[in-house]
Amino acid sequence: MPLSAQDRINIEKIVEILRDCHRVFFITGAGISADSGLPTYRGIGGLYNTKETDEGIPIEIAISGEMMAQNPSIPWKYLLHIEQSCRSATFNRAHEIISFMQNEFENVWVLTQNVDGFHRKAGSKHVIDIHGDLSEIYCMLCGFSKEIDDYSSLEDIPPRCEKCDSLMRPNVVLFGEQLPSGKCEMLMNEWQEGFDIVFSVGTTSIFPYIAQPVLYAKHSGIPTVEINPGETNVTNIVDFKISGKAAETLDALWDTYQNIS
Ligand code: OAD
Ligand code: ZN
(Lines give C-alpha, C1' and ligand atoms only; values in the text may rest on other atoms or scores of the structure.)
(Ligands and ions follow the chains in the order given, each with its own letter.)
Protein backbone atom coordinates (compact mmCIF):
# COMPACT_ATOMS: atom_id res chain seq x y z
CA MET A 1 0.00 0.00 0.00
CA PRO A 2 1.40 3.46 -0.87
CA LEU A 3 2.04 5.90 1.96
CA SER A 4 -0.95 8.07 2.88
CA ALA A 5 -0.99 11.84 2.42
CA GLN A 6 -0.76 12.20 6.22
CA ASP A 7 2.26 9.89 6.35
CA ARG A 8 3.98 12.01 3.68
CA ILE A 9 3.28 15.23 5.60
CA ASN A 10 4.74 13.65 8.73
CA ILE A 11 7.82 12.49 6.82
CA GLU A 12 8.49 16.07 5.68
CA LYS A 13 8.18 17.36 9.24
CA ILE A 14 10.52 14.64 10.54
CA VAL A 15 13.08 15.43 7.84
CA GLU A 16 13.05 19.10 8.91
CA ILE A 17 13.81 18.00 12.47
CA LEU A 18 16.50 15.54 11.33
CA ARG A 19 18.48 18.36 9.70
CA ASP A 20 19.44 19.61 13.18
CA CYS A 21 19.96 16.18 14.77
CA HIS A 22 23.30 14.75 15.86
CA ARG A 23 22.35 11.66 17.85
CA VAL A 24 19.61 9.42 16.49
CA PHE A 25 18.07 6.50 18.37
CA PHE A 26 16.17 3.62 16.77
CA ILE A 27 14.18 0.98 18.64
CA THR A 28 13.27 -1.95 16.40
CA GLY A 29 11.22 -5.13 16.62
CA ALA A 30 10.01 -8.01 14.48
CA GLY A 31 8.08 -5.63 12.18
CA ILE A 32 11.27 -4.25 10.62
CA SER A 33 12.24 -7.77 9.52
CA ALA A 34 8.69 -8.53 8.36
CA ASP A 35 9.71 -6.63 5.21
CA SER A 36 12.39 -9.31 4.73
CA GLY A 37 9.67 -11.96 4.84
CA LEU A 38 10.22 -13.04 8.46
CA PRO A 39 7.17 -13.85 10.59
CA THR A 40 6.43 -11.52 13.52
CA TYR A 41 5.71 -12.90 17.01
CA ARG A 42 2.23 -11.42 17.33
CA GLY A 43 -0.45 -10.16 14.94
CA ILE A 44 -1.15 -11.51 11.46
CA GLY A 45 1.00 -14.56 10.74
CA GLY A 46 2.56 -14.28 14.20
CA LEU A 47 4.53 -17.20 15.58
CA TYR A 48 2.84 -16.99 18.98
CA ASN A 49 -0.74 -16.93 17.68
CA THR A 50 -1.42 -20.59 18.36
CA LYS A 51 -2.13 -21.01 22.05
CA GLU A 52 -0.36 -24.34 22.46
CA THR A 53 2.63 -26.09 20.93
CA ASP A 54 2.77 -29.72 19.65
CA GLU A 55 3.88 -30.63 23.17
CA GLY A 56 0.60 -29.22 24.58
CA ILE A 57 2.34 -26.41 26.45
CA PRO A 58 2.23 -22.65 25.81
CA ILE A 59 5.05 -21.31 23.60
CA GLU A 60 6.22 -19.10 26.50
CA ILE A 61 6.96 -22.30 28.46
CA ALA A 62 8.42 -24.16 25.47
CA ILE A 63 10.96 -21.38 24.82
CA SER A 64 11.77 -20.60 28.45
CA GLY A 65 15.06 -20.65 30.31
CA GLU A 66 13.64 -23.27 32.64
CA MET A 67 12.78 -25.60 29.74
CA MET A 68 16.27 -25.09 28.31
CA ALA A 69 17.66 -26.40 31.62
CA GLN A 70 15.21 -29.32 31.92
CA ASN A 71 14.52 -30.49 28.39
CA PRO A 72 16.62 -28.51 25.88
CA SER A 73 15.34 -30.37 22.82
CA ILE A 74 11.99 -28.53 23.16
CA PRO A 75 13.29 -24.93 23.04
CA TRP A 76 15.85 -25.99 20.43
CA LYS A 77 13.03 -27.23 18.19
CA TYR A 78 11.33 -23.81 18.17
CA LEU A 79 14.55 -21.81 18.02
CA LEU A 80 15.57 -23.91 15.04
CA HIS A 81 12.30 -22.94 13.39
CA ILE A 82 12.97 -19.22 13.99
CA GLU A 83 16.59 -19.61 12.85
CA GLN A 84 15.51 -21.29 9.62
CA SER A 85 13.29 -18.37 8.67
CA CYS A 86 16.17 -15.94 9.38
CA ARG A 87 18.66 -17.95 7.29
CA SER A 88 16.41 -17.95 4.24
CA ALA A 89 16.14 -14.13 4.41
CA THR A 90 18.37 -11.08 4.65
CA PHE A 91 18.24 -7.44 5.70
CA ASN A 92 15.99 -5.05 3.79
CA ARG A 93 15.90 -1.39 2.79
CA ALA A 94 14.87 -0.31 6.30
CA HIS A 95 17.97 -1.86 7.93
CA GLU A 96 20.06 -0.45 5.09
CA ILE A 97 18.85 3.13 5.54
CA ILE A 98 19.45 3.04 9.29
CA SER A 99 23.00 2.00 8.47
CA PHE A 100 23.42 4.75 5.79
CA MET A 101 22.36 7.31 8.41
CA GLN A 102 25.67 6.69 10.19
CA ASN A 103 27.39 8.73 7.47
CA GLU A 104 25.05 11.66 8.03
CA PHE A 105 24.77 11.90 11.82
CA GLU A 106 27.32 11.96 14.61
CA ASN A 107 25.86 8.82 16.18
CA VAL A 108 23.12 6.36 15.28
CA TRP A 109 22.24 3.80 17.94
CA VAL A 110 19.92 0.84 17.44
CA LEU A 111 18.19 -0.98 20.30
CA THR A 112 16.73 -4.11 18.73
CA GLN A 113 14.72 -7.01 20.09
CA ASN A 114 15.44 -9.01 16.95
CA VAL A 115 17.76 -12.01 17.08
CA ASP A 116 18.30 -12.17 13.29
CA GLY A 117 21.48 -10.05 13.23
CA PHE A 118 20.19 -8.06 10.22
CA HIS A 119 21.16 -4.62 11.58
CA ARG A 120 24.82 -5.61 11.85
CA LYS A 121 24.75 -7.37 8.49
CA ALA A 122 23.37 -4.17 6.95
CA GLY A 123 26.36 -2.29 8.41
CA SER A 124 25.05 -0.70 11.63
CA LYS A 125 27.92 -0.39 14.10
CA HIS A 126 26.15 0.62 17.31
CA VAL A 127 23.63 -2.16 17.84
CA ILE A 128 22.32 -3.21 21.25
CA ASP A 129 20.69 -6.56 20.49
CA ILE A 130 19.04 -6.79 23.87
CA HIS A 131 17.57 -10.28 23.20
CA GLY A 132 20.81 -11.62 21.74
CA ASP A 133 21.68 -13.09 18.37
CA LEU A 134 20.87 -16.59 17.14
CA SER A 135 24.13 -16.83 15.26
CA GLU A 136 26.07 -17.31 18.49
CA ILE A 137 25.80 -20.49 20.55
CA TYR A 138 27.49 -21.22 23.86
CA CYS A 139 28.13 -24.13 26.21
CA MET A 140 25.79 -24.21 29.18
CA LEU A 141 28.58 -25.66 31.36
CA CYS A 142 31.94 -24.13 30.42
CA GLY A 143 30.70 -21.07 28.51
CA PHE A 144 32.70 -21.80 25.33
CA SER A 145 30.99 -19.94 22.48
CA LYS A 146 31.11 -19.89 18.70
CA GLU A 147 29.47 -18.30 15.66
CA ILE A 148 27.18 -20.47 13.53
CA ASP A 149 26.13 -19.22 10.11
CA ASP A 150 23.48 -21.82 9.63
CA TYR A 151 22.06 -24.29 12.17
CA SER A 152 21.68 -26.92 9.45
CA SER A 153 25.49 -27.27 9.62
CA LEU A 154 25.18 -28.58 13.20
CA GLU A 155 25.63 -32.35 13.49
CA ASP A 156 23.41 -32.73 16.56
CA ILE A 157 20.52 -30.67 17.86
CA PRO A 158 21.06 -29.75 20.67
CA PRO A 159 24.75 -29.50 19.75
CA ARG A 160 27.52 -30.57 22.11
CA CYS A 161 30.46 -28.46 23.24
CA GLU A 162 33.75 -29.31 21.55
CA LYS A 163 35.62 -28.49 24.79
CA CYS A 164 33.63 -30.34 27.46
CA ASP A 165 30.89 -32.26 25.60
CA SER A 166 28.04 -30.53 27.50
CA LEU A 167 25.00 -29.13 25.71
CA MET A 168 25.13 -25.78 23.95
CA ARG A 169 22.38 -23.18 23.46
CA PRO A 170 21.81 -20.07 21.38
CA ASN A 171 22.89 -16.79 22.96
CA VAL A 172 19.37 -15.37 23.10
CA VAL A 173 17.18 -14.26 25.99
CA LEU A 174 14.50 -16.90 26.63
CA PHE A 175 11.22 -16.38 28.47
CA GLY A 176 11.79 -15.92 32.20
CA GLU A 177 15.46 -14.97 31.75
CA GLN A 178 17.21 -11.75 32.74
CA LEU A 179 18.43 -9.26 30.18
CA PRO A 180 22.22 -9.24 29.68
CA SER A 181 23.57 -6.71 32.19
CA GLY A 182 26.40 -5.44 29.98
CA LYS A 183 23.96 -4.48 27.23
CA CYS A 184 21.63 -2.74 29.72
CA GLU A 185 24.57 -0.76 31.00
CA MET A 186 25.55 0.24 27.48
CA LEU A 187 21.99 1.41 26.87
CA MET A 188 21.95 3.50 30.06
CA ASN A 189 25.31 5.07 29.19
CA GLU A 190 24.14 6.08 25.74
CA TRP A 191 20.94 7.56 27.13
CA GLN A 192 22.97 9.67 29.51
CA GLU A 193 24.68 11.21 26.47
CA GLY A 194 21.21 12.22 25.22
CA PHE A 195 19.46 11.81 21.86
CA ASP A 196 17.90 14.32 19.48
CA ILE A 197 15.20 12.06 18.04
CA VAL A 198 13.77 8.62 18.82
CA PHE A 199 12.22 6.22 16.30
CA SER A 200 10.20 3.13 17.27
CA VAL A 201 9.93 0.79 14.28
CA GLY A 202 7.90 -2.42 13.99
CA THR A 203 7.44 -3.31 17.64
CA THR A 204 4.36 -3.73 19.83
CA SER A 205 6.48 -2.33 22.72
CA ILE A 206 5.16 -4.89 25.19
CA PHE A 207 8.32 -4.75 27.27
CA PRO A 208 8.90 -1.77 29.60
CA TYR A 209 12.53 -1.38 28.50
CA ILE A 210 11.28 -0.91 24.91
CA ALA A 211 8.42 1.50 25.64
CA GLN A 212 10.28 3.52 28.28
CA PRO A 213 12.82 5.26 26.03
CA VAL A 214 9.89 6.57 23.99
CA LEU A 215 8.08 7.77 27.13
CA TYR A 216 11.24 9.32 28.50
CA ALA A 217 11.95 11.11 25.22
CA LYS A 218 8.42 12.44 25.06
CA HIS A 219 8.62 13.82 28.60
CA SER A 220 11.98 15.39 27.85
CA GLY A 221 10.75 17.14 24.73
CA ILE A 222 12.77 14.91 22.36
CA PRO A 223 10.81 14.27 19.12
CA THR A 224 9.39 10.74 18.88
CA VAL A 225 8.32 8.82 15.78
CA GLU A 226 6.53 5.50 15.38
CA ILE A 227 6.67 3.55 12.10
CA ASN A 228 4.15 0.73 12.30
CA PRO A 229 1.00 -0.14 10.31
CA GLY A 230 -0.61 -1.32 13.56
CA GLU A 231 -1.53 0.22 16.90
CA THR A 232 0.91 -0.32 19.77
CA ASN A 233 1.61 0.69 23.36
CA VAL A 234 3.35 3.87 22.18
CA THR A 235 1.01 4.94 19.37
CA ASN A 236 -0.79 7.47 21.56
CA ILE A 237 2.43 8.85 22.98
CA VAL A 238 4.53 9.64 19.92
CA ASP A 239 4.67 13.03 18.18
CA PHE A 240 4.55 11.44 14.73
CA LYS A 241 2.78 8.19 13.86
CA ILE A 242 3.46 6.78 10.40
CA SER A 243 1.29 3.85 9.36
CA GLY A 244 3.43 2.77 6.43
CA LYS A 245 5.63 -0.30 6.50
CA ALA A 246 9.20 0.04 7.74
CA ALA A 247 11.02 -0.32 4.40
CA GLU A 248 8.77 1.90 2.31
CA THR A 249 8.59 4.57 5.03
CA LEU A 250 12.33 4.77 5.69
CA ASP A 251 12.96 4.74 1.96
CA ALA A 252 10.63 7.74 1.48
CA LEU A 253 12.11 9.48 4.50
CA TRP A 254 15.68 9.02 3.27
CA ASP A 255 14.74 10.17 -0.22
CA THR A 256 13.12 13.32 1.16
CA TYR A 257 16.09 13.97 3.48
CA GLN A 258 18.56 13.73 0.62
CA ASN A 259 16.53 15.96 -1.65
CA ILE A 260 16.15 18.67 0.97
CA SER A 261 19.67 18.61 2.47
P1 OAD B 1 5.66 -8.39 17.67
O2 OAD B 1 5.42 -9.58 16.82
O3 OAD B 1 5.05 -8.33 19.02
O4 OAD B 1 5.18 -7.11 16.89
C5 OAD B 1 5.49 -6.84 15.56
C6 OAD B 1 5.04 -5.43 15.26
O7 OAD B 1 5.45 -5.12 13.94
C8 OAD B 1 3.53 -5.22 15.32
O9 OAD B 1 3.26 -4.06 16.07
C10 OAD B 1 3.13 -5.04 13.84
O11 OAD B 1 2.04 -4.13 13.70
C12 OAD B 1 4.39 -4.45 13.27
N13 OAD B 1 4.61 -4.70 11.83
C14 OAD B 1 4.21 -5.76 11.08
N15 OAD B 1 4.65 -5.64 9.80
C16 OAD B 1 5.35 -4.47 9.76
C17 OAD B 1 6.09 -3.78 8.75
N18 OAD B 1 6.18 -4.28 7.51
N19 OAD B 1 6.70 -2.62 9.06
C20 OAD B 1 6.62 -2.11 10.32
N21 OAD B 1 5.95 -2.71 11.31
C22 OAD B 1 5.34 -3.87 11.05
O23 OAD B 1 7.25 -8.20 17.74
P24 OAD B 1 8.15 -7.48 18.83
O25 OAD B 1 7.50 -6.24 19.34
O26 OAD B 1 9.51 -7.36 18.24
O27 OAD B 1 11.13 -11.73 22.60
O28 OAD B 1 8.18 -8.58 19.95
C29 OAD B 1 8.93 -8.37 21.08
C30 OAD B 1 9.47 -9.66 21.64
O31 OAD B 1 8.41 -10.59 21.84
C32 OAD B 1 10.40 -10.42 20.74
O33 OAD B 1 11.71 -9.91 20.73
C34 OAD B 1 10.38 -11.78 21.38
C35 OAD B 1 8.91 -11.92 21.71
O36 OAD B 1 8.62 -12.55 22.88
C37 OAD B 1 11.85 -12.78 22.99
O38 OAD B 1 11.95 -13.78 22.31
C39 OAD B 1 12.52 -12.63 24.32
ZN1 ZN C 1 31.73 -26.71 27.31
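# Strands, loops and pockets

Colleague: Which residue in β9 is the bridge partner of V225?

Modeller: This is a predicted model, and in it strand β8, residues 224-227, is joined to strand β9, residues 240-242, by three bridges, with the two strands running parallel. V225 belongs to β8, and its bridge partner in β9 is F240.

Colleague: On the other pairing, which residue in β8 is the bridge partner of V198?

Modeller: The strands concerned are β7 and β8, which pair in the parallel sense over four bridges. Together with α9 they make a β-α-β unit, and that unit is right-handed. Within this pairing, the bridge partner of V198 is T224.

Colleague: Which residues of strand β8 point the other way from T224 and E226, and are they buried or exposed?

Modeller: In a regular strand, side chains alternate between the two faces of the sheet. In strand β8, T224 and E226 point one way, and every one of the four residues from 224 to 227 is buried. The buried residues that point the other way are V225 and I227.

Colleague: S205 is a residue other than glycine with a positive phi; what is its value?

Modeller: S205 sits in the loop that runs between β7 (197-201) and α9 (208-219). Despite that loop position, S205 counts as buried, because its relative accessibility is 1%, under the 20% cut-off. Its backbone phi is positive, near 55°.

Colleague: What is the relative accessibility of D165, and is D165 buried or partly exposed?

Modeller: D165 lies in the loop between β5 and β6, and although it is not a glycine it has a positive phi of about 70°. Since a residue is partly exposed when its relative accessible area falls between 20% and 50%, D165 counts as partly exposed at 48%.

Colleague: Which residue does a cis peptide bond join to I157?

Modeller: The loop between β5 (145-147) and β6 (168-172) holds the residue in question. The omega of the bond is about -5°, and the partner that this cis peptide bond joins to I157 is P158.

Colleague: Which residue's side chain does a polar contact of 2.9 Å join to that of R23?

Modeller: R23 is found in strand β1, residues 23-28, and it counts as buried because its relative accessible area is 9%. Its side chain reaches the backbone oxygen of G194 at 2.5 Å. In the polar contact of 2.9 Å, the side chain of R23 is joined to that of E190.

Colleague: Which element gives the most to the lining of the largest pocket?

Modeller: The largest pocket holds about 930 Å³ of space and is lined by 40 residues, with A30, G31, T40, Y41 and R42 lying nearest its centre. By class, the lining divides into 21 nonpolar, 14 polar and five charged residues. Both α2 (30-34) and α5 (73-87) supply at least two residues of this lining, but the element giving the most, with three residues, is α2.

Colleague: How many nonpolar residues does the lining of the second largest pocket have?

Modeller: The second largest pocket has a volume of about 250 Å³, and its lining includes I130, L179, W191 and Y216. The elements that give two or more residues to this lining are α8 (181-193) and α9. No residue of the lining is charged and one is polar, while the number of nonpolar residues is nine.

How values were computed:
Residues numbered from 1 in each chain as written. Chains lettered and ligands numbered in written order. Predicted model: local features only at pLDDT ≥ 70, side-chain atom pairs only at ≥ 80, totals over all residues. Heavy atoms only, no water. Buried < 20%, exposed > 50% of the residue type's maximum accessible area, 1.4 Å probe, protein only. Pairing = 2+ DSSP bridges. Right-handed = clockwise from strand over helix to strand, strands pointing away. 1 Å grid on protein atoms, 1.4 Å probe; cavity = no way out; pocket = protein on both sides within 12 Å on 5 of 7 lines; lining within 4 Å. Points joined across faces, edges and corners; volume = space filled by probe spheres on them. Nonpolar A, V, L, I, M, F, W, Y, C, P; charged D, E, K, R; others polar. Polar contact = N/O pair within 3.5 Å; in protein donor to acceptor, adjacent residues only side chain to side chain.
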